[in-house]
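Hi there,

Here is the structure I promised to pass on. Have a look at it first, and then read on for what turned up.

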Amino acid sequence: MSGPRTSATRGIAGTSNRCRGPDMTHIFSFGARVATAALMSGLLALAMAISVPSAQGSVGSRGNQPSLAENIDWMNRTYGLTCDDAVDEPVPVTLREGTGTARDDAIGREGHWEVAIQRIVHGLLPRLGEVTAILFYCHPQPTNYFDQELRVYRSGDGTEIGRTPTFDVDDLSPEYRPDTVKIEDGRLSADLAFYGEQDPHGQPSILRHVTWAWDGREFVKRSETEASRVDLRRESVTVNGMGPVQIGMSAEQVEKAVGAPLTLVGDASHCTDGTLAGAPDGLSLMFMENSLVAVSVEQPATISTASGMRVGTTRNELFDTYGDEITTDAVGDDSERLVFAPTAPRFGGRVIVFDLRDGQVERFAAGTRDAATVGSCP
């Protein structure tokens, strides 16, 4: 999945020049904004976001009473969707285990939508009582963009109440971070990645927290707050990660900790590489099953370890710094791999792997031993 479509270009699938990347089927290009990079980066964001969602969320003061929403099988029912206003009237789509295909004349004679549920949450909203919010992913076929829409239903009988409004933006629509959708403090909220003026397709750089409330007739936006961003150029690498970015975090937790969107490439169910918006070039993150397993640094990044080791550090400097806690793991004709493995139990077997060429560090990675050794996904 990748960048969203523009707000000004809505039409039937196959004729729109909206720009969003889909799940694992990026095979078509429409419009000047469809960049090759989106093919890879967005793919991952969807793979990361679309897992079988659990029905979760607070139900306010109901205590231990069972939720009304438990009486409805939200993953297996028929919904009416517009693919974020791609059509004027909702198109019915029947989902089985959270996925389905929508076909309707309004979509286009040869087109259809691949639909999936990305998030289900339950909670209490003023004047509405117990509600269920569902984030839908919609991929018009055959295109290389996707859409998302957040709709709210009565938990008691499943009738629809309304949906959050489409964002009024000049260019690419923002992307929901599915795991951040919540109902709390009387409002519906989510984190979204917005596009800056110079952002390429599939690489939004602005993370914002948005809330909505029910005004008696419809859901309206109440706040839109940009996240406070951590300057990773000032952080150093340890076996546990880098500053607020800690080994074991999910992609969503990393975004929240840094205050910047991740662009991801690969299959999140297996292995995913990611880069953070605004981070130094040469810094990358490696995820396995949506858990951070390694932080990797190479040129042109000038980031150092907590002990001052960086790209360009010599072999002798490594041994002088780490002593008997660094060992040789592999040797080639002009290359060598050294592993710093602190012995204290609190480090949990995590390491920093240094790859050297001609006696100088050209790359290093911190995290679990297996992940730090390879540094990135194959």
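**What I found**

Let me start with a cross-strand pair: Arg-337 stands opposite Asp-355 in β23. Please keep in mind throughout that this is a predicted model.

Arg-337 has a partner on another strand as well, since Ala-330 is bridged to Arg-337 in β22. Ala-330 belongs to the pairing of β21 (residues 326-331) with β22 (residues 335-340), an antiparallel one held by five bridges. These two strands make a hairpin, with three residues between them. On the β23 side (residues 351-357), β22 is again paired antiparallel, here through six bridges.

Next, the helix α2, which covers residues 251-258. Which of its residues are buried? They are Ala-251, Glu-252, Val-254, Glu-255 and Val-258. Viewed down the helix axis, the buried residues of α2 fall within an arc of 160°, so they line one face. That fits the usual geometry: with 3.6 residues a turn in an α-helix, residues three or four places apart point the same way. Just after α2 comes Gly-259, with a positive phi of about 80°.

Finally, the cavities. The structure has three of 30 Å³ or more, and the largest has a volume of about 80 Å³. Eleven residues line the largest cavity, and those closest to its centre are Asp-84, Gln-148, Thr-166, Phe-167 and Tyr-176. By character, its lining splits into four nonpolar, four polar and three charged residues.

Happy browsing, and best wishes!

Terms used: Residues are numbered from 1 along each chain as its sequence is written. This is a predicted model: local features need pLDDT of at least 70, side-chain atom pairs count only at pLDDT 80 or more; totals for chains, interfaces and linings use all residues. Side-chain values use heavy atoms; hydrogens and water are left out. Two strands pair if DSSP finds at least two bridges between them. Helices (H or I, at least four residues) and strands (E, at least two) are DSSP runs, numbered from the N terminus. Buried means under 20% relative accessible area, exposed over 50%, partly exposed in between (1.4 Å probe, protein chains only). The arc is that of the directions from the helix axis to the C-beta atoms. On a 1 Å grid over the protein atoms alone, a cavity is a set of points where a 1.4 Å probe fits but cannot get out, and a pocket is an open set with protein on both sides within 12 Å along at least five of seven lines; lining residues have an atom within 4 Å of a point. Grid points are joined across faces, edges and corners, and a volume is the space filled by probe spheres set on the points. Ala, Val, Leu, Ile, Met, Phe, Trp, Tyr, Cys and Pro count as nonpolar, Asp, Glu, Lys and Arg as charged, and the others, Gly among them, as polar.
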